[in-house]
Amino acid sequence: MITTRHLLSGALSVHDYRCDAASDERPYTEVHASDSLSYVRQGSFGYRCRACAHELVAGSVLVARAGVEYVCTHEHHDGGDECLSFKLDPALVDELGARAALERASVLPPLPELIVLAELAQACADRRHDIGLDEAGLWFAQRFVEVAGDRAARSSMPRAADRRRAVEAALWIAAHSAEPIELADAARAAGLSAFHFLRLFTKTLGVTPHQYLLRSRLRRAAQLLADDADRAVTEIALDVGFNDLSNFVRTFRRAAGVSPRGFRAAARGERKIFQERLAAGFVGSRLQRTAHDVAQGGHDV
């Protein structure tokens, strides 16, 4: 059964989805009602769309187009899953310049650029901050356009038993992400050789085990930065598994577009950070569309 909580309405609407379907429940075909970006914050599930098969874990993003049929499956995990979904009306899709990015991908693997902003939006959805959920949602959607343009959907998948191993390994990595984990450790937990595990994990989830480990750490860091205003950035970095503060700051800035301190300031309600970031993004998307129109002979500069 799926339960939905409506959090925000308008050009950008936000919904909280919680699905408790068991692995033995029969999947059925559904149709996306609108263009949307759904961030998986917990659990795992399978997604079949346009003759492609995907596996989603915490940190993945489901990219939906209005009118497209899909099927969700839960053969790997009986704990259910939870998603924060951002639905975009057609005018906002055009304003963001998101149409091409929405067409190119059905699923994005856990990407640091999206994880940290989705976790900030989740904190807003839970009303733990006074910034607007619409602001955080727009920042997330804009970042999606920036990172998704050159990614193609995957069409081939390993066997069901191997996919199950990969998803279970991802859940294990996320649960132990604060610990020092080597490739051999994760492979041993999955019962595979390091070489076979690396190949299987990457093909199933679209990221390497090490990338997923780092993104699990970033996801937890974003949660702590948004929730705890008193803990030092250095302490958070160490607690989530980064042994080097400069590496954490550099990795976080590359992901979020702002430093950990800037991210925390945004979470506290300093809207100037949102305004500057969104303004830069909207100007960039307009310039991209203008360049495309010129290339097609539609407009003069």
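Which residues does A221 touch, not counting residues up to four places away in sequence? The legends below start with that view; the model shown throughout is a predicted one.

**View 1. A221 and its contacts from further along the chain.** Leaving out residues up to four places away in sequence, A221 touches I236, V240 and F248. A221 itself sits in helix α8, which covers residues 209-227. With a relative accessible area of 0%, A221 is buried, because anything under 20% counts as such. Look for E119 here too: E119 and A221 are 102 residues apart in sequence, yet their C-alpha atoms lie 9.4 Å apart in space.

**View 2. The largest nonpolar core, with F263 picked out.** This core takes in 58 residues. Those with the most contacts inside it are L108, V116, F140, F144, F248, F252 and F263. If we set aside neighbours within four places in sequence, F263 is in contact with V116, L117, L120, A222, L225, A226, F252, A256 and V258. A second core, separate from this one, has 19 residues, including V57, A166, F197 and L213. As a general point, nonpolar side chains in soluble globular proteins tend to be buried together.

**View 3. The largest pocket and what lines it.** The volume of this pocket comes to about 660 Å³. Its lining is made up of 31 residues, and I2, C19, E30, Y70 and C72 are the ones nearest the centre. Sorted by class, the lining has 16 nonpolar residues, eight polar ones and seven charged ones.

**View 4. Strands around the largest pocket.** Which strands each supply at least two residues of the lining? They are β2 (12-19), β3 (29-31), β4 (35-43), β7 (61-64), β8 (69-73) and β9 (81-88). β9 gives the most, with five residues.

**View 5. R50 and A51 in the loop between β5 and β6.** The strands on either side of this loop are β5 (45-49) and β6 (52-56). R50 is not a glycine, but it has a positive phi of about 55 degrees. A51 also has a positive phi without being a glycine, with a value near 65 degrees. How accessible is each residue, as a relative value? R50 comes in at 41% and so counts as partly exposed, while A51, at 79%, counts as exposed because the cut-off for that is over 50%.

Notes
Residues are numbered from 1 along each chain as its sequence is written. This is a predicted model: local features need pLDDT of at least 70, side-chain atom pairs count only at pLDDT 80 or more; totals for chains, interfaces and linings use all residues. Side-chain values use heavy atoms; hydrogens and water are left out. On a 1 Å grid over the protein atoms alone, a cavity is a set of points where a 1.4 Å probe fits but cannot get out, and a pocket is an open set with protein on both sides within 12 Å along at least five of seven lines; lining residues have an atom within 4 Å of a point. Grid points are joined across faces, edges and corners, and a volume is the space filled by probe spheres set on the points. Helices (H or I, at least four residues) and strands (E, at least two) are DSSP runs, numbered from the N terminus. Ala, Val, Leu, Ile, Met, Phe, Trp, Tyr, Cys and Pro count as nonpolar, Asp, Glu, Lys and Arg as charged, and the others, Gly among them, as polar. A nonpolar core is a set of buried Ala, Val, Leu, Ile, Met, Phe, Trp, Tyr and Cys residues joined through side-chain atoms within 4.5 Å. Buried means under 20% relative accessible area, exposed over 50%, partly exposed in between (1.4 Å probe, protein chains only). Contact means heavy atoms within 4.5 Å.
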